[in-house]
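Here's a quick tour of one protein chain, aimed at what sits inside and what faces out. Have a look at the sequence and the fold before reading on.

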Amino acid sequence: MNVSPHFNILVAEPDLPAREALSEVLAGLGASVHVAETGRRALEVARRVPIDAGIIDAAFADMTGLQLLTALRLVVRFPVMFVGGATASKEARLAAADAGAWSWLPRPFEMEVARVTIQVFSSLFRDRTTR
């Protein structure tokens, strides 16, 4: 199952190999993928493109993933974010959920988990836009 062709996803990931791998998987599903290597760049992209979902790393050189997630909630039209990071403690997951994250994608990324999660969100997006 592919995602909706109008499904814009932000991949905010400072690690180039991880950013490229995620982008490739998501583009293969048919999503419009928008990438950012810093928190500031992710905000610029989100102001320019109506982001439907995002995979956000836990740390950037210029801000934390939670700071980015909080800032993104002010500019995205569909406030669902996925937080991927090296720390999967209960406290970290609760803080991410508090900031608006729907799902936690622990590192190392399991591409099959990312793919299935994005497909589920795309179907929710498709249902939301066809009502």
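What follows goes from the overall fold to the cores, then to one helix and one serine.

## The overall picture

Keep in mind that this is a predicted model. The chain has five helices and five strands, and from the N terminus on they come in the order β-α-β-α-β-α-β-α-β-α.

Of the chain's 131 residues, 47% count as buried. If you take the contacts with a separation of 6 or more, 66% of them join residues 24 or more positions apart. On the outside, the chain exposes about 6,700 Å², with carbon and sulfur atoms supplying 56% of that area.

## Two nonpolar cores

In soluble globular proteins, nonpolar side chains tend to be buried together. Here, the largest nonpolar core is made of 15 residues. Its members with the most contacts inside the core are L10, A12, A42, I51, I56, L68 and L72. Three elements each give this core at least two residues: β1 (8–12), α2 (39–48) and α3 (65–72). The largest share, four residues, comes from α2.

L68 is a good place to start clicking around. Skipping its neighbours within four places in sequence, L68 is in contact with A12, G39, A42, L43, I56, F60 and M63. There's also a second core, separate from that one, with 13 residues; L29, A53, A114 and F121 are among them.

## Helix α2: one face in, another side out

Which residues of α2 are buried? They are G39, A42, L43, V45 and A46. Looking down the axis of α2, these buried residues fall within an arc of 160°, so they line one face of the helix. The cover over them includes β1, β2 (32–36) and α3.

Now turn α2 around: on the other side, R40, R47 and R48 are exposed.

## A serine on the inside

S23 sits in helix α1, which spans residues 16–28. Is S23 buried or exposed? Its relative accessibility is 14%, and the cut-off for buried is under 20%, so S23 counts as buried.

What does S23 touch, not counting residues up to four places away in sequence? The list is V11, V33 and V35. So this polar-named section ends with three valines: pick S23 in the viewer and look for V11, V33 and V35 in contact with it.

Definitions and conventions:
Residues numbered from 1 in each chain as written. Predicted model: local features only at pLDDT ≥ 70, side-chain atom pairs only at ≥ 80, totals over all residues. Heavy atoms only, no water. Core = buried A, V, L, I, M, F, W, Y, C linked by side-chain atoms within 4.5 Å. Buried < 20%, exposed > 50% of the residue type's maximum accessible area, 1.4 Å probe, protein only. Contact = heavy atoms within 4.5 Å. Arc of directions from axis to C-beta. Areas by Shrake-Rupley, 256 points an atom, 1.4 Å probe, with all protein chains shown as cover.
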